[in-house]
Amino acid sequence: MFAGVLITYFSVTVFKKSYLLFIGIVTALSGCLSIFIARDITTMGFGQLWPCYIFFASIALFLSCIYKFKKLRPHYIVPSVVMVVLGVVFLLFSLDIIKMSFASFMVVTGPFIMFFGGVAVVVLYFYQSTHRELIVPEEDADNED
């Protein structure tokens, strides 16, 4: 946890690199949760709380996007939202809120998820092709970090 706080501090003040900010935030939040689990502050163990690490990565990705671009960018926000959704789904199964096994759930819902995901990609492609302002120019791409 302390290492994550140091990495976060130096990434903002000295190095000014968004990937170091991401690593620092994930390390700090993961350290806090690990301390809670190790010290028995929470009654749940790592086997139940592991999806929280997905949330931590999502939070860090969102914050590093804001730090780097000073605004929200779709190529950072979409993966962040997907990780939150996956974290919620995994947490529901991990905490036994949903009694069905995850494998059974995926067998039933997997084809629908893939179908609607494919439809969403095609719709977004055609929407983006008609709205050129959504395309990120090459000089604005995130290759400087």
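**Figure 1. Helices α2 and α4 meet in a right-handed crossing.** This is a predicted model, and the close-up picks out α2 (residues 18-38) and α4 (residues 52-69). How do their axes sit relative to each other? They come within 8 Å and cross at roughly 150°. Angles over 145 degrees count as roughly antiparallel, so α2 is roughly antiparallel to α4.

**Figure 2. Here are the residues where α2 and α4 touch.** The α2 side supplies S18, L21, F22, I25, V26, L29, S30, L33 and S34. Across from them, α4 brings C52, Y53, F56, A57, I59, A60, L61, L63, S64, Y67 and K68. Sorted by class, this contact has 15 nonpolar, 4 polar and 1 charged residues.

**Figure 3. Zooming in on S30, a residue of helix α2.** Is S30 buried or exposed? Its relative accessible area is 15%, and the cut-off for buried is under 20%, so S30 counts as buried. Leaving out residues up to four places away in sequence, S30 touches Y53 and F56. Both Y53 and F56 are on the α4 side of the contact with α2.

**Figure 4. On to α4 and α5, which pass each other in a left-handed crossing.** Helix α5 covers residues 74-94, and its axis comes within 8 Å of the α4 axis. The two axes cross at roughly 165°, so α4 is roughly antiparallel to α5.

**Figure 5. A look at the side chains and backbone where α4 meets α5.** From α4, the residues are I54, F55, A57, S58, L61, F62, C65, K68 and F69. From α5, they are H75, Y76, I77, P79, S80, M83, V84, G87, V88, F90 and L91. The class split reads 15 nonpolar, 4 polar and 1 charged. A57, L61 and K68 of α4 take part here, and they also appear in the contact with α2.

**Figure 6. Stepping back, the chain has 6 helices and 0 strands.** Along the sequence the pattern runs α-α-α-α-α-α. What radius of gyration does the chain have? The value is 19 Å, whereas a compact globule of 145 residues would be near 15 Å. Along the principal axes, the C-alpha atoms fill a box of roughly 55 × 50 × 15 Å. Of the 145 residues, 26% count as buried. As for contacts with a separation of 6 or more, 55% of them join residues 24 or more positions apart.

Definitions and conventions:
Residues numbered from 1 in each chain as written. Predicted model: local features only at pLDDT ≥ 70, side-chain atom pairs only at ≥ 80, totals over all residues. Heavy atoms only, no water. Axes fitted to C-alpha atoms, helices over the stretch in contact; angles between N-to-C directions. Helix = DSSP H or I, 4+ residues; strand = E, 2+ residues; numbered from the N terminus. Parallel < 35°, antiparallel > 145°, perpendicular 65-115°, else oblique. Left-handed = near helix turned anticlockwise from the far one by under 90°. Contact = heavy atoms within 4.5 Å. Nonpolar A, V, L, I, M, F, W, Y, C, P; charged D, E, K, R; others polar. Buried < 20%, exposed > 50% of the residue type's maximum accessible area, 1.4 Å probe, protein only. Rg over C-alpha atoms; globule rule 2.2 N^0.38 Å.
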